[in-house]
Amino acid sequence: MEKREFFFKSCDGTTRIHAVEWKPDGEARAVLQICHGMTEHIARYDEFASYLAERGFYVAGHDHLGHGQSVQGEEYYGYFHETDGNAYVIGDIHKLRYWVQKQYSEVPYFMLGHSMGSFLLRQYLTRYSEGLSGAVIMGTGYHSVPEVMAGQALCRAIAAIRGWKYRSKIVNMIGFGGFNRRFKPCETDKDWLSSDRDKRDEYIKDPYCGFVFTVNGYYHMFEGMKCLEKRKNRNKIRKDLPMLLVSGADDPVGAFGKGVRKVYKEYTDAGIKDVTLCLYDGDRHEILNETDRSQVYEDCYLWMDKNI
């Protein structure tokens, strides 16, 4: 296996997007493109990507705008773009896919999105599901249109006074404040991420993880979520696209399974024929970093292998 880092220009026209690829030894059997979650970065997927590369997958992913090494400066962490942030983040995902697919045009192409990346991938699929062999929606949840519009209104009000790069404790509390409630007494404020203490400690010590999003980042993330809850958008997804919804049964982002089941029903109601739902008992938000992650790795691999 060969691992390589590279950069490409963002759709915003100025930011250098940091990306990583994991190449298998020999010919690739399939491709997986990964969309990482909020306040983390693509290098955290190294263990999972290496596992797949050893089984013949070419794996690639990038740091989204405002994440990891895809920033212009410290103040840009958790910031997308003042007016077109959501569009540029989706555009960068498609830009990487276009580049990778030119090199691997003859093999099946899968995409995986975790957490914020799951919301981005779900939005991406409403536009670009053609040509994909399957989509893995990991650690996702459900948010109603009134809910996300209220969040956007709050972000606009704060930005009018403080500016779009302001990091609001109030918005952050609304976003994450209740996630640890079920896991009390807690050792850290990140106990909801995983039951694996070592993995939680790695996250806390990682300088690219755990920063507070700007109101701009929240606003554009809410914009994408709003698009997801419009039935006309879900109806644009290819009906024969295989989809795998995987989450921890103890994941607060997915309302401990309830939100994931709602998303599953939305897709089946939209006429998508091959949707699989899998909830892992005892697992929290980051199932790729859970104590049973070897089982999660295998299940994701076998599902993609079946769809090759």
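Ala-255 lies in the loop that runs between strand E7 (243–248) and H9. In this predicted model, Ala-255 has a positive phi of about 55°, although it is not a glycine. With a relative accessible area of 35%, Ala-255 is partly exposed, because that value falls between the limits of 20% for buried and 50% for exposed.

A second non-glycine residue with a positive phi is Thr-39, where the angle is about 50°. Thr-39 is found in the loop between strand E3 (30–35) and H1. Its relative accessible area is 5%, so Thr-39 is buried. Another backbone feature occurs in the loop between H5 and H6, where Pro-185 lies. A cis peptide bond joins Lys-184 to Pro-185, with omega at about 0°.

Helix H6 comprises residues 197–205, and within it Lys-199, Arg-200 and Tyr-203 are buried. Seen down the axis of H6, these buried residues fall within an arc of 100°, and therefore they line one face of the helix. The face turned away from this buried side carries the exposed residues Asp-198 and Lys-205. The cover over the buried residues of H6 includes helix H1 (46–53) and helix H10 (293–307).

Lys-199 may be considered in further detail. Although its side chain is charged, Lys-199 counts as buried because its relative accessibility is 13%, and the limit for burial is under 20%. Leaving aside neighbours within four places in sequence, Lys-199 is in contact with Glu-47, Ser-194, Asn-289 and Arg-293. Lys-199 and Val-59 are 140 residues apart in sequence, and their C-alpha atoms are 22 Å apart in space.

The nonpolar interior comes next. In soluble globular proteins, nonpolar side chains tend to be buried together. The largest nonpolar core in this model has 56 residues, and those with the most contacts inside it are Leu-125 and Met-243. Helix H7 gives the most to this core, contributing seven residues. Which residues does Leu-125 contact, leaving aside its neighbours within four places in sequence? They are Leu-132, Ala-135, Ile-137, Ile-237, Leu-241 and Met-243. Leu-125 and Met-243, the two residues with the most contacts inside the core, are thus in contact with each other. Apart from the largest core lies another, of 29 residues, which include Leu-112, Val-246, Tyr-297 and Cys-300.

The empty space in the model remains to be described. Rolling a probe the size of a water molecule over the atoms shows where such space is left. The largest pocket has a volume of about 1000 Å³. Of the 46 residues that line this pocket, the closest to its centre are Asn-172, Ile-174, Gly-175, Phe-176 and Phe-179. Two or more lining residues come from each of helix H3 (116–128), helix H4 (145–162), helix H5 (169–176), helix H7 (215–228) and helix H9 (258–269). Which element supplies the largest share of the lining? That element is H5, with seven residues. By residue type, the lining of the largest pocket divides into 24 nonpolar, 14 polar and eight charged residues.

Some elements appear in more than one part of this account. H7 gives residues to the lining of the largest pocket and also gives the most to the largest nonpolar core. H5 contributes seven residues to the pocket lining, and the loop between H5 and H6 contains Pro-185. H9 likewise gives residues to the pocket lining, and the loop between strand E7 and H9 holds Ala-255.

Methods:
Residues are numbered from 1 along each chain as its sequence is written. This is a predicted model: local features need pLDDT of at least 70, side-chain atom pairs count only at pLDDT 80 or more; totals for chains, interfaces and linings use all residues. Side-chain values use heavy atoms; hydrogens and water are left out. On a 1 Å grid over the protein atoms alone, a cavity is a set of points where a 1.4 Å probe fits but cannot get out, and a pocket is an open set with protein on both sides within 12 Å along at least five of seven lines; lining residues have an atom within 4 Å of a point. Grid points are joined across faces, edges and corners, and a volume is the space filled by probe spheres set on the points. Helices (H or I, at least four residues) and strands (E, at least two) are DSSP runs, numbered from the N terminus. A nonpolar core is a set of buried Ala, Val, Leu, Ile, Met, Phe, Trp, Tyr and Cys residues joined through side-chain atoms within 4.5 Å. Buried means under 20% relative accessible area, exposed over 50%, partly exposed in between (1.4 Å probe, protein chains only). Contact means heavy atoms within 4.5 Å. The arc is that of the directions from the helix axis to the C-beta atoms.
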